[in-house]
Amino acid sequence: MRWWDIEPVLELEHELFPEDAWSAGMFWSELAHARGPQATRHYVVAEIPPGSGAAAGGTGRLVGYAGLAAAGDLGDVQTIAAARDQWGTGLGARLLTELLRAATAFECAEVLLEVRVDNTRAQKLYERFGFEPIGFRRGYYQPGNVDALVMRLSDPAHSVLADGPVQGETHG
């Protein structure tokens, strides 16, 4: 993800998470820590290439994004999202695979994430990769006051699905 991706990312963010969408400033802040030798973040976007499907004749369409923060030997999935018309295509798995590869490069021993308790589709994806529930954060998602399920993956380098090739278009 680069600065020029922020506007289309925000459009998708507001479509998918209308109550608790990140602001432009939050993405700018994350990207400020994603480059250089002291980088602690890894953000990627997925696009439909120009001239294919819904993007025919255009410049491509951003259909997903994901981000990871690393601190010491701990990784944290900050965000992951796929456009609704991409649900069921494997895009979420490809984005998560990329984040787990980044966690391995950052030498993270484990990766944590929070997921809405009512988002069972995402929970099933994370479970396929070996994430296990470890607790809850009450009222984590505001303003809706929705709880978050906290999940942990030990040893992301050996995740169940993260060893395969990433298919499709992503760039970081």
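**Entry 1: starting at Asp20**

I began with Asp20, which sits in the loop between H1 and H2. Before going on, I noted to myself that this is a predicted model. Which residues does Asp20 touch, leaving aside its neighbours within four places in sequence? I found Glu13, Arg116, Tyr141 and Gln142. Then I checked Pro143: its C-alpha atom and that of Asp20 are separated by 6.8 Å, although the two residues are 123 apart along the chain.

**Entry 2: Pro143 and its bond**

I stayed with Pro143, which I placed in the loop between E5 and E6, a strand covering 146-154. What kind of peptide bond joins Gln142 and Pro143? It is a cis bond, and I wrote down an omega of about 10°. I marked this one because most peptide bonds are trans. Gln142 had already turned up in my notes, as one of the contacts of Asp20.

**Entry 3: Glu107**

Next I looked at another loop, the one between H3 and E4, where Glu107 is found. Glu107 is not a glycine, yet its phi is positive, at about 65°. I starred this too, because most residues other than glycine have a negative phi.

**Entry 4: H1 against H2**

Back to the helices on either side of the Asp20 loop. H1 and H2 (residues 24-31) pack with their axes 10 Å apart, at an angle of about 130°. So I can call H1 oblique to H2. The crossing is right-handed.

Which residues meet here? From H1 I listed Ile6, Val9, Leu10 and Glu13. From H2 I listed Ala24, Phe27, Trp28 and Leu31. Sorting this contact by class gave me seven nonpolar residues, no polar ones and one charged. Glu13 is on my list from Entry 1 as well, since Asp20 is in contact with it.

**Entry 5: H3 against H4**

I did the same lookup for H3 (residues 91-105) and H4 (residues 120-128). Their axes come within 11 Å and cross at roughly 50°. That makes H3 oblique to H4. This crossing is right-handed.

On the H3 side, the contact is made by Gly92, Ala93 and Leu96. On the H4 side, I found Leu125, Tyr126 and Arg128. By class, that contact has four nonpolar residues, one polar and one charged.

**Entry 6: the largest pocket**

Now for empty space. Rolling a probe the size of a water molecule over the atoms shows where it is left. The largest pocket has a volume of about 1000 Å³. Of the 35 residues that line this pocket, which are closest to its centre? They are Phe17, Ile80, Asn119, Ala122 and Tyr126. I recognised Tyr126 from the contact of H3 with H4.

I then asked which elements give two or more residues to this lining. They are the helices H1 (6-16), H3 and H4, plus the strands E3 (74-82), E4 (110-116) and E5 (132-141). E3 gives the most, with seven residues. By class, the lining of the largest pocket splits into 19 nonpolar, seven polar and nine charged residues.

**Entry 7: the second largest pocket**

How much space lies in the second largest pocket? I noted about 150 Å³. Its lining is made of Pro8, Glu11, Leu12, Glu15, Arg61, Leu62, Ala83, Arg84 and Asp85. H1 and strand E2 (61-71) each supply at least two of those residues. H1 has the largest share, four residues. Sorted by class, this lining has four nonpolar residues, no polar ones and five charged.

**Entry 8: what I'd look at again**

H1 is the helix I kept coming back to: it packs against H2, it gives residues to the lining of the largest pocket, and it lines part of the second largest one too.

Methods: Residues are numbered from 1 along each chain as its sequence is written. This is a predicted model: local features need pLDDT of at least 70, side-chain atom pairs count only at pLDDT 80 or more; totals for chains, interfaces and linings use all residues. Side-chain values use heavy atoms; hydrogens and water are left out. Axes are lines fitted to C-alpha atoms, for helices over the stretch in contact, and angles run from 0 to 180 degrees between N-to-C directions. Angles under 35 degrees count as roughly parallel, over 145 as roughly antiparallel, 65 to 115 as roughly perpendicular and the rest as oblique. A crossing is left-handed if the near helix is turned anticlockwise from the far one by less than a right angle, and right-handed if clockwise. Contact means heavy atoms within 4.5 Å. Ala, Val, Leu, Ile, Met, Phe, Trp, Tyr, Cys and Pro count as nonpolar, Asp, Glu, Lys and Arg as charged, and the others, Gly among them, as polar. On a 1 Å grid over the protein atoms alone, a cavity is a set of points where a 1.4 Å probe fits but cannot get out, and a pocket is an open set with protein on both sides within 12 Å along at least five of seven lines; lining residues have an atom within 4 Å of a point. Grid points are joined across faces, edges and corners, and a volume is the space filled by probe spheres set on the points.
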